Amino acid sequence: MSSYKYDLTLDASGLFCPEPVMMLHKEIRQMEAGQVLYVKATDPSTQRDIPRFCEFLGHRLLDQSNLEESYEYFIQKGTE
């Protein structure tokens, strides 16, 4: 796990596309600009979908890692 400090956690383990990104969208809308969200997922498609989500909506993907059977992301909410 990365050493980033985070404000909130989203565990999307066991869910498949498009659910992890839908949950991410809902969670990030409730956050303040600048807060960091830690996301854990097991769906390999999140490796493509979450970076695109961040780029498209102006959030900063601080880090992404591939663990044994899961993926983790640290996302900083941008200003909307």
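**Strand β4 and its aromatic contacts**

Tyrosine 38 is buried, its relative accessible area being 7%. In this predicted model, the strand that pairs with that of tyrosine 38 is β4: strand β2 (residues 36-41) and β4 are antiparallel and joined by six bridges. Within this pairing, leucine 37 has isoleucine 75 of β4 as its bridge partner.

Strand β4 also pairs with strand β3 (residues 60-66), again in antiparallel fashion and through six bridges. Here leucine 61 stands opposite isoleucine 75. The connection from β3 to β4 is a hairpin of four residues. Strand β4 itself, which spans residues 71-76, is mostly covered, with five of its six residues buried.

Aromatic pairs in the model number four. In one of them, the ring centres of tyrosine 6 and phenylalanine 74 lie 5.8 Å apart with planes at 55 degrees, so the pair is classed as tilted. Because tyrosine 6 belongs to the segment before β1 (8-12) and phenylalanine 74 to strand β4, this pair ties together parts 68 residues apart in sequence. Tyrosine 6 is partly exposed, at 35% relative accessibility, whereas phenylalanine 74 is buried, with a relative accessible area of 0%. The rings of tyrosine 38 and phenylalanine 74 form a tilted pair, with centres 5.1 Å apart and planes at 40 degrees. This pair ties strand β2 to strand β4, parts that are 36 residues apart in sequence. Ring pairs link Tyr4, Tyr6, Tyr38 and Phe74 into a cluster.

A polar contact is found in the loop between β2 and α2 (46-57), where serine 45 lies: its side chain contacts that of aspartate 43 at 2.9 Å. Serine 45 is buried, with a relative accessible area of 16%.

Terms used
Residues numbered from 1 in each chain as written. Predicted model: local features only at pLDDT ≥ 70, side-chain atom pairs only at ≥ 80, totals over all residues. Heavy atoms only, no water. Buried < 20%, exposed > 50% of the residue type's maximum accessible area, 1.4 Å probe, protein only. Helix = DSSP H or I, 4+ residues; strand = E, 2+ residues; numbered from the N terminus. Pairing = 2+ DSSP bridges. Polar contact = N/O pair within 3.5 Å; in protein donor to acceptor, adjacent residues only side chain to side chain. Phe/Tyr/Trp six-rings, centres within 6.5 Å; stacked < 30°, edge-to-face > 60°.
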